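Okay, thanks for making time, everyone. I'd like to walk you through one model today, so let me put it up on the screen.

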Amino acid sequence: MDRREVLKTTTLLLGYTLTAGTTAAILNGCKADRSTDWQPAALSNDEIELLSEICETILPATDTPGAKDAMCERYIDNVMAVLVSEEDRKEFKEKLKSFNEVAKAKYTKSFVALNNNEREQ
């Protein structure tokens with residue numbers, strides 16, 4: 001094996017090693033706060049409840065855990081609090097409100113109160 005092949009192979013191995021470690025660190029950091037006294041940092045409790053139901057509709061529990069089991073709403077709240085600007089957070093909240101208003105206009109009840117069939121529509 002010549003020097004170029006050794007450098008190429010070493011570079012590939014090092015790259016894969018760094019990528020795997022970085023990926024593992026990112027995925028380990030994507031865990032929701034599971035404490036029972038958790039309070040949202042960026043969204044209201046009503047917005048969290050709505051978001052939780054939207055997420056569960058998109059990713060329902062089957063033979064694998066769903067969005068509620070993964071506590072997606074807590075993760076989204078954390079991202080909103082830490083990474084999203086105040087202006088974008090305000091827009092997100094307005095879109096959530098609009099989303100719920102569409103459900104109320106169509107079914108005369110909030111999205112949270114709808115059954116699964118109504119939610120999917």
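**A walk through the model**

To start with the surface, the protein chain exposes about 9000 Å², and carbon and sulfur atoms supply 56% of that. Before we get attached to anything here, remember that this is a predicted model.

On confidence, the chain has a mean pLDDT of 83, with 74% of its residues at 70 or more. The spread between elements matters for us: helix α1, residues 3–29, has the lowest mean at 59, while α4 has the highest at 95. Where pLDDT is low, the predicted coordinates should not be read in detail. So I'll leave the details of α1 alone.

Now the overall layout. We have five helices and zero strands, and reading along the sequence you simply get α-α-α-α-α. There are 121 residues, and 25% of them count as buried. If you take contacts with a separation of 6 or more, 54% of them come from residues 24 or more positions apart.

Okay, on to the part I like, around glutamate 53. Where does glutamate 53 sit? It's in helix α2, residues 45–58. And is glutamate 53 buried or exposed? Buried, with a relative accessible area of 11%, and the cut-off for that is under 20%.

So we have a buried glutamate, and what does its side chain pair with? One partner is arginine 119, through a side-chain polar contact of 2.6 Å. Another is lysine 68, whose side chain also makes a polar contact with the side chain of glutamate 53, at 2.6 Å. Setting aside sequence neighbours within four places, glutamate 53 touches Lys68, Phe111, Val112 and Arg119.

A bit more on that lysine. Lysine 68 is in the loop between α2 and α3, and it's partly exposed, with a relative accessible area of 35%. Its C-alpha is 7.9 Å from that of glutamate 53, with the two positions 15 residues apart along the chain. Beyond its neighbours within four places, lysine 68 contacts Ser52, Glu53 and Glu56.

Back to arginine 119, which has a second job to show you. Its charged end sits over the ring of phenylalanine 111, 5.3 Å from the ring centre. So which ring does phenylalanine 111 pair with? That would be phenylalanine 99: the two are edge-to-face, 5.1 Å centre to centre, with 65° between the planes. The count for the model comes to one aromatic pair.

Phenylalanine 99 lies in helix α4, residues 86–107, and phenylalanine 111 in the loop between α4 and α5, so the pair ties together parts that are 12 residues apart in sequence. As for burial, phenylalanine 111 counts as buried at 4% relative accessibility, whereas phenylalanine 99 is partly exposed at 36%.

Last stop, methionine 80. This one is in helix α3, residues 72–82, and it counts as buried, with 6% relative accessibility. Leaving out residues up to four places away, methionine 80 touches Ala42, Arg89 and Phe92. The C-alpha atoms of methionine 80 and proline 40 are 10.0 Å apart, and those two are 40 residues apart along the chain.

If you want one picture to keep, make it this: glutamate 53 is joined to arginine 119 by a polar contact, and the charged end of that arginine 119 sits over the ring of phenylalanine 111. Right, over to you.

Definitions and conventions
Residues are numbered from 1 along each chain as its sequence is written. This is a predicted model: local features need pLDDT of at least 70, side-chain atom pairs count only at pLDDT 80 or more; totals for chains, interfaces and linings use all residues. Side-chain values use heavy atoms; hydrogens and water are left out. Helices (H or I, at least four residues) and strands (E, at least two) are DSSP runs, numbered from the N terminus. Buried means under 20% relative accessible area, exposed over 50%, partly exposed in between (1.4 Å probe, protein chains only). Contact means heavy atoms within 4.5 Å. Accessible areas come from the Shrake-Rupley method with a 1.4 Å probe; for residues, only the protein chains shown count as cover. Rings of Phe, Tyr and Trp (its six-membered ring) pair if their centres lie within 6.5 Å; planes under 30 degrees apart count as stacked, over 60 as edge-to-face and the rest as tilted. A charge sits over a ring if NZ of Lys or CZ of Arg is within 6 Å of the ring centre and within 35 degrees of the ring normal. A polar contact is a pair of N or O atoms within 3.5 Å; within protein, one must be able to donate a hydrogen and the other to accept it, and residues adjacent in sequence count only if both atoms are side-chain atoms. pLDDT is the predictor's confidence in each residue, from 0 to 100.
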